[in-house]
Amino acid sequence: MPHEHYISARIATKVIHAGQRPDPVTGAVMPPISVSSTYAQESPGVHKGFEYSRSHNPTRFALERMVAHLENTGISEEYDPSCGGFAFSSGLASISTCLELMDAGSHMVAMDDLYGGTNRLFSRVRARSQGLKITYADLTDEAKLRAAMTPQTKMVWVETPTNPNLKLADLKMIARIAKGISKECILVCDNTFASPIFQRPLEQGFDLVMHSSTKYLNGHSDVVGGLLATNDPQICAQLRFLQNAIGSVMGPFDAYLTLRGIKTLDIRMQRHAQSAMKIAKWLEAHAAVERVVYPGLPSHPQRALATRQMDGFGGMITIYLKGSLDEARRMLENVHIFALAESLGGVESLIEHPAIMTHASLSPDTRRLLGISDTMIRLSIGIEDADDLIADLEQGLAAAQKKNLTAEAQRTQRV
Ligand code: P1T
């Protein structure tokens, strides 16, 4: 079906059909998992558009066209076989390929609050191997963005909502200010937490969107992958070259599974967000909880921006417990539906401790600066029954407090 057909479709329709068409040989409605690593040619250089699977794979192309349509790249299949969408073997592999858009020694500005692995790739790999000069700044603040930018800045890297603090970056504001200072700089948004259902950064003036498709897009915690989408024909051509030249492509099985997962992305995101709102409100009223961070709560300092920029508040909640690491540990050990595990965005609920787990690669100083404390806990709300999740958290929080009371009682007895 022609690309244009989907431009006006709503996103719940796009997640099923965009960029998809029946297999030309058999009419199969679902794309075959195309495993061949190479394709026969009639004569040297005469082929059906497929030469070698790192460069061209029909199953991967089907997924790439899907993400391109979801992020509204507006790039036609005549211009690029996957309409400006690109799939990689992990989220970090996709970020790594993005960084190759810059020459050695370039300056980039990055949000201070980022997934720990992204920060590690920037600071501990590419600063050394590519000589990147990276200025981290709290890009929620216009003045800090202005101070960080120079006319030579080549890239601005933003996560919104951020991992794990759920801070929001105003994409329109950043696009206006950053392009005003450095016309050439490429604006990249890691859209993993929001998914294209709730936020489409290309519509807000960004050039490139990145996803760890390991998370919401695949949604079933059984694939590691990364995706990029751009609406800029020049960046698209560069990425087409770089994806093949670097070679960290997504395999066809993973592309198929991710495409299958995306079919339910809209209904999953609605459920994640609905349950997260209910649970965030409940947590905010709980005596054992110091603070709840969720973009949909009136207490979130950027709720107005969230309402303006996003079509939903997402499924991630960050909380600070009262007490210390002991209380946090007891809660994490005593939940049963929530799995104590890294990652997020799957149908099952996950709970984790950023300081010890996902953000352990940051220096203790950086963690302190960002507020990633011993009592911070991150929740990825799955699509189970929200009341069952609340009951699970209730008994986890009770377990956290119980020992506390016992310790208190013991102290009293000793006195
Ligand atoms: O794990 P990988 O698919 O390579 O994606 C890295 C990545 C990039 N961006 C964001 C916002 C992420 O959250 C991640 C991975 N994050 C976790 C594993 C986590 O538990 O936070």
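**Exercise 1.** Find how far a polar side-chain atom of arginine 378 lies from an oxygen atom of the ligand, then look for comparable polar contacts.

*Solution.* Start with arginine 378: one of its polar side-chain atoms is 2.8 Å from a ligand oxygen, in a model that is predicted, with local features needing pLDDT of at least 70, side-chain atom pairs pLDDT 80 or more, and totals for chains, interfaces and linings using all residues. Residues are numbered from 1 along each chain as its sequence is written, and side-chain values use heavy atoms, leaving out hydrogens and water. A polar contact here is a pair of N or O atoms within 3.5 Å. Next, threonine 214 places a polar side-chain atom 2.7 Å from a ligand oxygen. Finally, serine 343 uses a backbone N or O atom, also at 2.7 Å from an oxygen of the ligand.

**Exercise 2.** Describe the shell around the ligand.

*Solution.* Begin with the count: 20 residues surround the ligand (a heavy atom within 4 Å), and Asp190 and Ser212 are among the closest. Then sort the shell by type, which gives 5 nonpolar, 10 polar (Gly counted here) and 5 charged residues. Last, check the domains, whose bounds come from an automatic or database assignment: domain 1 (3-262) and domain 2 (266-414) each supply at least three shell residues.

**Exercise 3.** Identify the residues with the most contacts inside the largest nonpolar core.

*Solution.* Take the core as buried nonpolar residues (under 20% relative accessible area, 1.4 Å probe, protein chains only) joined through side-chain atoms within 4.5 Å. The largest has 65 residues, and Leu283 and Ile317 have the most contacts inside it. Helix α10 (residues 265-284; a DSSP H or I run of at least four residues) gives this core its largest share, 8 residues.

Note on methods
Polar contact = N/O pair within 3.5 Å; in protein donor to acceptor, adjacent residues only side chain to side chain. Buried < 20%, exposed > 50% of the residue type's maximum accessible area, 1.4 Å probe, protein only. Helix = DSSP H or I, 4+ residues; strand = E, 2+ residues; numbered from the N terminus.
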